Amino acid sequence: MSTFKAKIISNDLYHEYKRLGIFGSIVLSVGITLSTEILPLGSLAQVVLFVAIAMFSYQSLKMQRTMQNLLNRQRIEITGEAIKTIDQNNIVSEQINVCNAKEIIVDERYTYAEDSAGAFWKMIAKKPLSNNLTIKSKNKEYRYQFLIESHYMAVQIDKIISGWKREGYQVVTFQETA
């Protein structure tokens, strides 16, 4: 049986940092191109631009660390039988048996940022790429947002969802409105 493992996005700030990181990469690329191709070698403008690029790079590294901290708090492990959240110390903080679920709400399509140009532009337009899973039990609702980092991970979650459907669990597909 397949197992899906991913980092849980615990704070929506992650998406804003990701978006700023993309803009930062574009600005950095333009700055480097300007400093090497357009400005005269050794000019004061080139030195100032180089210092600005260095400061910007430092801020980008700090932002990357913050993004990682937002992701490294918990992870999710999903199998055909259970959904577990695991904390930084590898302790299962929550476990939901799928057989106890009244309803499982899944995204229409699970994807990752590098999957398509459309996903990239959605992120730029402040419609962050998010992969969600909601479990409704008799007396509680559990919602998870997680990061899919590869095509393999997207295939694994799709296999598990297909298995739930074959087993007869109440799986509902959430279709995002544009």
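## Overall layout

Of the contacts in the chain with a separation of 6 or more, 63% are between residues 24 or more positions apart. Keep in mind as you look around that this is a predicted model.

The secondary structure comprises four helices and eight strands. Reading from the N terminus, the elements follow the order β-α-α-β-β-β-β-α-β-β-α-β. The chain has 178 residues, and 37% of them count as buried. About 11,100 Å² of the chain is exposed, with 55% of that area supplied by carbon and sulfur atoms.

## Strand β5 and its partners

A good place to stop is strand β5, residues 103-107. Five of its five residues are buried, so the strand is largely enclosed by the rest of the structure. Glu103, Ile105 and Asp107 point one way from β5, while Ile104 and Val106 point the other way.

What does β5 pair with? Strand β6, residues 131-136, runs antiparallel to β5 and is joined to β5 by four bridges; here Val106 stands opposite Leu133. Strand β8, residues 171-174, pairs with β5 in the parallel sense, again over four bridges, and Ile104 stands opposite Val171 in β8.

## A nonpolar patch on the surface

For a change of scene, turn to the surface. Leu44, Val47, Val48, Phe50, Val51 and Met55 make a nonpolar patch of about 640 Å².

Met55 belongs to helix α2, which spans residues 44-71. Is Met55 buried or exposed? Its relative accessibility is 56%, so Met55 counts as exposed, the cut-off for that label being over 50%.

How values were computed
Residues are numbered from 1 along each chain as its sequence is written. This is a predicted model: local features need pLDDT of at least 70, side-chain atom pairs count only at pLDDT 80 or more; totals for chains, interfaces and linings use all residues. Side-chain values use heavy atoms; hydrogens and water are left out. Buried means under 20% relative accessible area, exposed over 50%, partly exposed in between (1.4 Å probe, protein chains only). Helices (H or I, at least four residues) and strands (E, at least two) are DSSP runs, numbered from the N terminus. Two strands pair if DSSP finds at least two bridges between them. Patches are made of residues with over 30% relative accessible area and no salt bridge: like charges are joined within 9 Å, nonpolar side chains (Val, Leu, Ile, Met, Phe, Trp, Tyr) within 5 Å. Accessible areas come from the Shrake-Rupley method with a 1.4 Å probe; for residues, only the protein chains shown count as cover. A salt bridge is a side-chain nitrogen of Lys or Arg within 4 Å of a carboxyl oxygen of Asp or Glu. Contact means heavy atoms within 4.5 Å.
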